[in-house]
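Grab a pencil and your favourite viewer. Here are some exercises to work through, each with a solution that goes step by step.

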Amino acid sequence: MDRIQRLLDRRIGPWSGRVWGLIVNLAANALVLWGIASVMRTGRGWIWILLGGAATVLCVAVLALPARPGERRG
């Protein structure tokens, strides 16, 4: 768990790992919506709903970890 917190608090490019996690979460939510639209149009696309939903749950679970006390954010 400490490894995940270090990754979330570390800067990767212009943003921290937490910001990148939110971007991945946004993409996963879009994938779910795309899957829903596909199912409504053609009856197929359940895999996109499942993959996007799993990625969303994983992102929320990881991003729910609190920041380490004393860490400078920003």
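**Exercise 1. Find the residues that make the nonpolar surface patch of about 480 Å², and say which helix gives the largest share.**

Step 1: The patch is made by Leu7, Ile12, Trp15, Val19, Trp20 and Ile23. To be in a patch, a residue needs over 30% relative accessible area and no salt bridge; like charges are joined within 9 Å, and nonpolar side chains (Val, Leu, Ile, Met, Phe, Trp, Tyr) within 5 Å. Areas come from the Shrake-Rupley method with a 1.4 Å probe, and for residues only the protein chains shown count as cover.

Step 2: Helix α2 (residues 17-42) gives the largest share, with 3 residues. Helices (H or I, at least four residues) and strands (E, at least two) are DSSP runs, numbered from the N terminus.

Step 3: Now zoom in on Ile12, which sits in strand β1 (residues 11-12). Ile12 has a relative accessible area of 33%, so it is partly exposed. On this scale, buried means under 20% relative accessible area, exposed over 50%, and partly exposed in between (1.4 Å probe, protein chains only).

A word on the model before you go on: this is a predicted one, where local features need pLDDT of at least 70 and side-chain atom pairs count only at pLDDT 80 or more, while totals for chains, interfaces and linings use all residues. Residues are numbered from 1 along each chain as its sequence is written, and side-chain values use heavy atoms, with hydrogens and water left out.

**Exercise 2. Track down the salt bridges and say how buried or exposed the partners are.**

Step 1: Apply the rule, a side-chain nitrogen of Lys or Arg within 4 Å of a carboxyl oxygen of Asp or Glu. The count comes to 2 salt bridges. As background, side chains of opposite charge can pair when their charged atoms come close.

Step 2: Arg6 and Asp2 form a salt bridge at 3.5 Å, N to O. Arg6 and Asp2 are 4 residues apart in helix α1, so about one helical turn separates them. An α-helix has 3.6 residues a turn, so residues three or four places apart point the same way. Arg6 is partly exposed at 44% relative accessibility, and Asp2 is partly exposed at 42%.

Step 3: Arg18 and Asp9 also meet in a salt bridge, at 3.5 Å from N to O. Here both Arg18 and Asp9 are buried; Asp9 comes in at 18% relative accessibility. Asp9 belongs to helix α1 (residues 2-9).

Step 4: The side chains of Asp9 and Arg18 are also joined by a polar contact of 3.5 Å. That term covers a pair of N or O atoms within 3.5 Å; within protein, one must be able to donate a hydrogen and the other to accept it, and residues adjacent in sequence count only if both atoms are side-chain atoms.

**Exercise 3. Check the span of α2 and work out what covers its buried residues.**

Step 1: The expected span of a helix is 1.5 Å times one less than its number of residues. For the 26 residues of α2 this should give 38 Å, and the end C-alpha atoms are 37 Å apart, which agrees.

Step 2: The buried residues of α2 include Gly17, Arg18, Gly21, Val32 and Gly35. Their cover includes α1, β1, β2 (15-16) and α3 (46-63), where contact means heavy atoms within 4.5 Å.

Step 3: Just after α2, look at Gly43, which takes a positive phi of about 85°.

**Exercise 4. Which residues do Asn25, Ala28 and Ile49 touch, leaving out neighbours up to four places away in sequence?**

Step 1: Asn25, in helix α2, is buried with a relative accessible area of 13%. Asn25 touches Thr56, Cys59 and Val60.

Step 2: Ala28 also lies in helix α2 and is buried at 4% relative accessibility. Its contacts are Gly52, Ala55 and Thr56. Ala28 and Ala54 are 26 residues apart in sequence, with their C-alpha atoms 8.4 Å apart in space.

Step 3: Ile49 lies in helix α3 and is buried at 18% relative accessibility. Ile49 is in contact with Val32, Gly35, Ile36 and Val39. From Ile49 to Trp34, the C-alpha distance is 7.8 Å across 15 residues of sequence.
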